Amino acid sequence: MSKSIKVVSQSKCYGGMQCVYEHESSILKCTMKFGVYLPPQHDKKKNLPLLYFLSGLTCTEQNFIMKSGFQRFAAKHGIVVVNPDTSPRGFDFPGEHESYDFGSGAGFYVNATEEPWKNNYRMYSYVTGELPTVIQNNFNVNISKSAISGHSMGGHGALISALKNPGKYKCVSTFAPICNPMECPWGIKAFTGYLGENKSSWKQYDATALAKDYDGPKLEVLIDQGEDDPYLADKQLLCDNFAASCANVKHINLNLRKQQGYDHGYYFITSFIEDHFTFIAKHIC
């Protein structure tokens, strides 16, 4: 392991190690933390498959680690799991900490172009570029066997990362993703602040818009959406818009499952996390 990353914590879990590391990000220009689960196979086999999980609004790297129970299934399938923080930290820009859905904890996985965000709020490049390089340089992984997953805002990040980088991720799985941010209150607020008023620049970070023009390798997509999710009723998530965009795109195979009685929280994620690892393992293991 290189000196470029520092151990924050390590705990044995299902025979593997749940770790948190920090490093100095050149893209974000701050210290960033990220979780890494190293399954028992990490010290025994070479070139393990890799899953990135992107979290939602207000989260840090800790939420998925502590609440989802994913480690059991990562250990079963021998998958290294990486989960970053959800925004840069430590800048205290005007308004950065005033609301839960913009600024700290709400980077929206875009590269900002507006002041004061544009030099630091570049989570898209961090997640798809810098972080994979850090992981490849420090852990026993096969970067060509990667998948990406996420929840809510992180589901949006997972979808756009896969759609904008054909072939980089073998599959994508999401829980209650923000599928059409150009048309929902959360997305309109974030995109206006980070990207400006010109809506034509927003399309590059909108999964529903990107899906219409996708022409890469076959992309397998699993979405679970709780039917009692209050944000579904509030038209923040708009999964049906994404499904409509995918309907006539031959290179996207979407399985959208609507789960009766489930809401937006981690009890929902925990209930279906095994299904998602089974799906992911089929494509990267």
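Here is a walk through this structure, from its sheet to a few single residues.

Before we start, keep in mind that this is a predicted model, in which local features need pLDDT of at least 70 and side-chain atom pairs count only at pLDDT 80 or more, while totals for chains, interfaces and linings use all residues. Residues are numbered from 1 along each chain as its sequence is written, and side-chain values use heavy atoms, with hydrogens and water left out.

Let's begin with the sheet. It is an open one of 9 strands, and reading across it you meet them in the order β1-β2-β3-β5-β4-β6-β7-β8-β9, with mixed pairing. Strands here are DSSP runs of E with at least two residues, helices are runs of H or I with at least four residues, and both are numbered from the N terminus. Two strands pair if DSSP finds at least two bridges between them. At the edges sit β1 (5-13) and β9 (252-259), each of which pairs on one side only. On average, neighbouring strands of this sheet are turned by 20° against each other, direction ignored. For angles like this one, axes are lines fitted to C-alpha atoms (for helices, over the stretch in contact), and the angles run from 0 to 180 degrees between N-to-C directions.

Zoom in on the β1 edge. Strand β1 pairs with β2 (residues 16-25) in the antiparallel sense, over 8 bridges. If you want a spot to look at, find V7, which stands opposite Y21 in β2.

Now add some helices. Helix α3 (residues 123-138) lies across β1, β2, β3 (30-38), β4 (48-54), β5 (80-84) and β6 (141-151), and it runs at about 55° to β3. Helix α8 (residues 239-246) packs on the sheet too, touching β8 (219-226) and β9, and its direction makes about 155° with that of β9. Contact here means heavy atoms within 4.5 Å.

While you have α3 in view, pick out N137, which lies in that helix. N137 is exposed, with a relative accessible area of 56%. The cut-offs are simple: buried means under 20% relative accessible area, exposed means over 50%, and partly exposed is in between (1.4 Å probe, protein chains only). N137 and S4 are 133 residues apart in sequence, yet their C-alpha atoms are 9.7 Å apart in space.

Next, the charged pairs. Side chains of opposite charge can pair when their charged atoms come close. The structure holds 6 salt bridges, a salt bridge being a side-chain nitrogen of Lys or Arg within 4 Å of a carboxyl oxygen of Asp or Glu. One of them joins E115 and K118, with the closest N and O atoms 3.4 Å apart. E115 counts as exposed at 54% relative accessibility, and K118 as partly exposed at 33%.

R257 has a busier time. Its side chain meets that of D224 in a salt bridge at 2.8 Å, N to O. That pair links distant parts of the chain, with R257 in strand β9 and D224 in strand β8, 33 residues apart. R257 is partly exposed at 22% relative accessible area, whereas D224 is buried at 0%. R257 also meets D275 in a salt bridge, this time at 3.0 Å. Since D275 lies in helix α9 (residues 266-284) and R257 in strand β9, the pair ties together parts that are 18 residues apart in sequence. D275 itself is partly exposed, at 35% relative accessibility. Put together, D224, R257 and D275 are linked in a network of salt bridges.

What about disulfides? A search of the whole structure finds 0 of them, where a disulfide is a pair of cysteine sulfur atoms within 2.5 Å. For C13, the nearest cysteine sulfur is that of C19, 11 Å away. C246 is buried, at 5% relative accessibility, and its sulfur is 8.5 Å from the closest cysteine sulfur, in C179, too far for a bond.

Finish at S68, in the loop between α1 (62-67) and α2 (71-77). S68 counts as buried at 1% relative accessibility. Its side chain reaches the backbone oxygen of F64 at 2.8 Å, and a polar atom of that side chain lies 3.3 Å from the backbone nitrogen of F70. Polar contacts of this kind are pairs of N or O atoms within 3.5 Å; within protein, one must be able to donate a hydrogen and the other to accept it, and residues adjacent in sequence count only if both atoms are side-chain atoms. Leaving aside residues up to four places away in sequence, S68 touches N63, Y266, I269, T270 and I273.
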